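Work through the exercises below with the sequence and model at hand. Each task is followed by its solution.

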Amino acid sequence: MSCYPVHNNTPVAKQVDSIYESHLDQFLSEGEYKKFNLPHLYDHQRIDHSIKDVENDPSRGYVNLKVYSVPNLKRPNVNEIIGKVDFEQVAYKGDVFGPSWTTFWVQVEIRIPDAWSDYEQVIFEWDCDNEGLVYTEDRQPAQAFSGSERTEYILPEQWQRDHNIHIFYIEMACNGMFGCGSTDQIAPPDPDRYFVLKKADLVVPNLQARALRCDFMILQQSAKEFPSSSWQKFRARQLCNEIMNKFLPEEGSSIEECRSLAKLYLGEHIDSENVEETNTNQTKVYAVGHCHIDTAWLWPFAETRRKIVRSWTTQLNLLDRYPEYRFVCSQAQQYEWLKEDHPETYERLKKYVASQRFLPIGGSWVEHDTNLPCGESLIRQFLFGQRFFKSEFDIYCDTFWLPDTFGYSSQIPQICRLAGMSRFLTQKLSWNNINSFPHTTFNWVALDGSQVLCHMPPADTYTADTNVSDIIHSVSQHKNLANDQAGLLVFGIGDGGGGPTPEMLEKLRRCKGVANTVGLLPDIKFGNSVDDFFDGIFKRTSNAATLPSWVGELYFEFHRGTYVTQSELKSAMRKAEFSLHDLEYFATLAFIRIPNFKYPFQEINQLWKTTLLCQFHDVLPGSCIQMVYDDAIPMMQNVFQSSEKLIKNILDQLGFRQITNHNILPDYLLSTLPWNVGGVVDESVQASPVSFYEANKNPNILARSDNTVKHPARAYESNGCLVLRTDKLLVRISKAGLIKSIHDLENDREVLDLKSGINKTGANQYVIFQDTPLSFPAWDTEIFSLDKYRLLTEGKAQLYETGPLKASVLVETPISENSSIKTIISLSGFNNDADRPSVDFSCEVDWHEDYKFLKVEFPVDIHAEYASYETQFGITRRPTHYNTSWDIAKFEVCHHKFADYSEYNYGVSIMNDCKYGFSVHGNLMRLSLLRSPKQPDAHADMGKHYFRYSLLPHKGGLSPEIVRAAYKLNSLFRFVNKNSIETNTEALDFIRVEGDESIILSNVKKAEDENAIIIRIYESLGGKSRCRLTLRNCGIKSATKCNILEEDIGQVNLQKDEADCSLQIELRAFEIASFKLTL
């Protein structure tokens, strides 16, 4: 006690927490006090290329820039530039480059001063606030620039020693990481955006000062983020203050002392990968680097190809510098583009894949939308993706990686398991704007009971910055800590590409040091793979048996407008998907029937790749800029046209001439559906618009009848209404075009209810809603939009066709001064007494609106707690009430070909040929038709639109009849004549499916690698079912059940009967099954 003073004449104030914590911001600030703080010492030396006064330019002889301006918005590759063009225009800092989307190439000539030869590192610092890529003289990508995130190119060490002049090149794109939006990120691109060259400097960095910056960042974040009850919080702040007091801007040697103080908290080994493993915390955070590159979004596909090489070249450099670093990246399409554009970089990447440090993930062709593509498209995403990864890297992906997609349809787990994947990662449901999704780590279960282990990173991002808060949130926001105590942290700049930065990796080392030295942070696993992370969960949870489950769709409570936006692309996609189905069907038939037929694999695969590309999760949903749709819509139209051209050629080889000339009358109609679709068919190529076709024994070829029908359709006026009538339906339409009654004559039941609900005007009521969401106009529509609407009641109706094949009424309805809709409402005659007729609608809309949403509604006399919506390979049921916030959130939902609203003994289905948005609440069924958002595409959906929908009343609940009717509405029937009298129509009798009618023949194709055919079927309504699958005159030798990668998973008993063979098949509810039949 002798050292303890008797008197105290030096009072010490208690620190005011808020003031001392805020004071820490000054140390790293580039503001007014920069010269007193750490940024003052970031550089040892700098040659500032800053003025156009050549005589007085301090960089003269050290940095010289020359520019080539690429004309006509072209994006030439490096081989078209280096050695091929003249660099004549001298450039300086302060020069302006543009306008938007133009490309410049800069030749950089540098010489490092002799006095710099002993420094540890010299960098070239470049900032033009846009994207760029360094190429070496031998034309190899070396380093990306992206404005503030990446500005440094580390120069080769030998350049400091040889005193020579060296040259490299910068490809400069006049767009930012997020395109060229003007007022905000998602605004339509500004066509006249220009970029100013801010930096083009030679720099000797003070590496210790820059390391201290990372030290201090983590200390300061610890002081701010740790709880006030922890000693670690105050120890971090104490050390920060000691560092600031120790730091002397005029004495660089003080940095070493400051770093020594920091290491008391961060640990001694933070400057290398050898941060020791001493943390015994059972809560673990696995950190993995990632670079999410939207395959198109606020930039076109062509710019994405450049983003890939910029991002991945930079990540390969980081893999060289940080031995513990692992990087994951998805989307086989992007790997293929890199292989095509930069084969040498691709080979460099493959070496890192082989060493398991650059990790392909996801298993799909692109990170696709899962709401809108058809079921077969979802399968092909995995078939093409997994086959690419297998052929290029000898791996199959185990994890489906889809962090940014707008909701997840109910059969994804089953499709994943059929593609060899048992794990799934997303985080998008953290964006829900009504309910918080209750799980982080759980089993996601499909309609058929198949499951995948799902993890949603608790930090709620796939672009984490590796701050202390990211580590903390990876635990504090984990919703299943009672089941498992591990979270995945996915870090790196994303969406526009980029990936992790050196600073992120340095911060992660220091966070790991904090966890090991003072605790409080969880154990950080840096250097493990995503597979390692999931393997650990399986191990700790008895193979996931102790985890909770979520059954059915992962409905995203946000971005509901994407079911409708960019309707022209959605329509083109639906047509292309059905055409590709038919192309493979006819090509497979020809492969079996015609000796030496050359199956058009290359052509078909290219059409599929284009289709899969356009299903990227911003493209098909409609959330891209106009430039993307200027590409994507013609691409999908070309898929359809090319597919139809191939079909026409195949049919010709099969002996049938497709009729496209209205002067020639077709004798036959071809169908790829294995059930009879006979009836009235519109023939738009014919002078006579409708004909009646009937099948005999073979449902795939229907013959033209004499155009008389047993049950004709009629149209007439009665009591001030226009009437459409058959022997089963009576439809009354007002002179304003509204349907006042649909009477089911067979069941003596009125279908509509114009008394009890909100709609008392009539069915086929078009409604315009004010559509001004809180954010993201192309993505979102909000529930409050349902409160402000206008009924379109000023239509004019007239008789159009009077029967007997077809009776119709034409309705012309003004929407506004600029927009209108024409609708043909029709009934068709029929022969079969068992046929169930529908009310059909064919629409042409001229659409020129601002922030409006067009829907059509049908008030029906049905009351049930849920409606059934067709989704891929099954049915998804949603509530028709608003009991809970979860029910409220589903005010707009996604469907495919039909939605059904049924009671026990009666129901109504509404089918469509290209629409995806729907809602059923109370007695009102609403089909969503068109939107008119103005961001990020200012002209989204403007112009002409054509679509069809049908209303089908039916006795009983949802049945196979509805599924089949929806397929018929969407199918592409082809009119043909025989090429010669020898043409055998029996050759078209190919596949028969007999048994439970809920089993649907989904797709037929040739096997990818074997002399075999693949037949895919599914159970469509949710019950165990059986069928007999028969192939006629096909010469099948053996059959196996296979997965969607066409790998055998089980033997099947093949029964042969003369030239035919058959399989007896049993499917569980909603099962998808594929069979390989070897020839």
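**Exercise 1.** How many bridges join strand 6 to strand 12, and do they run parallel or antiparallel?

Solution. Locate strand 6 at residues 123–127 and strand 12 at residues 199–205. Five bridges join the two, and they run antiparallel. Strands here are DSSP runs (E, at least two residues) and helices are runs of H or I with at least four, numbered from the N terminus. Next, find one facing pair: aspartate 127 stands opposite lysine 199 in strand 12. Then place helix 3 (residues 207–225), which packs on the sheet and touches strand 1, strand 6, strand 9 and strand 12. Contact means heavy atoms within 4.5 Å. The helix direction makes about 95° with that of strand 12.

The model is predicted; local features need pLDDT of at least 70, side-chain atom pairs count only at pLDDT 80 or more, and totals for chains, interfaces and linings use all residues. Residues are numbered from 1 along each chain as its sequence is written, and side-chain values use heavy atoms, without hydrogens and water.

**Exercise 2.** Give the strand order of the open sheet that holds strands 1 and 9.

Solution. The order is 1-12-6-9, with antiparallel pairing. Strands pair if DSSP finds at least two bridges between them. Strand 1 (43–47) and strand 9 (152–154) are the edges, each pairing on one side only.

**Exercise 3.** Which way do the residues of strand 20 point?

Solution. Ala486, Leu488 and Val490 point one way; Gly487, Leu489 and Phe491 point the other. All are buried, meaning under 20% relative accessible area (1.4 Å probe, protein chains only). Six bridges join strand 13 (residues 284–290) to strand 20, running parallel. In strand 20, valine 490 is the bridge partner of valine 288.

Note on methods. Buried < 20%, exposed > 50% of the residue type's maximum accessible area, 1.4 Å probe, protein only. Axes fitted to C-alpha atoms, helices over the stretch in contact; angles between N-to-C directions.
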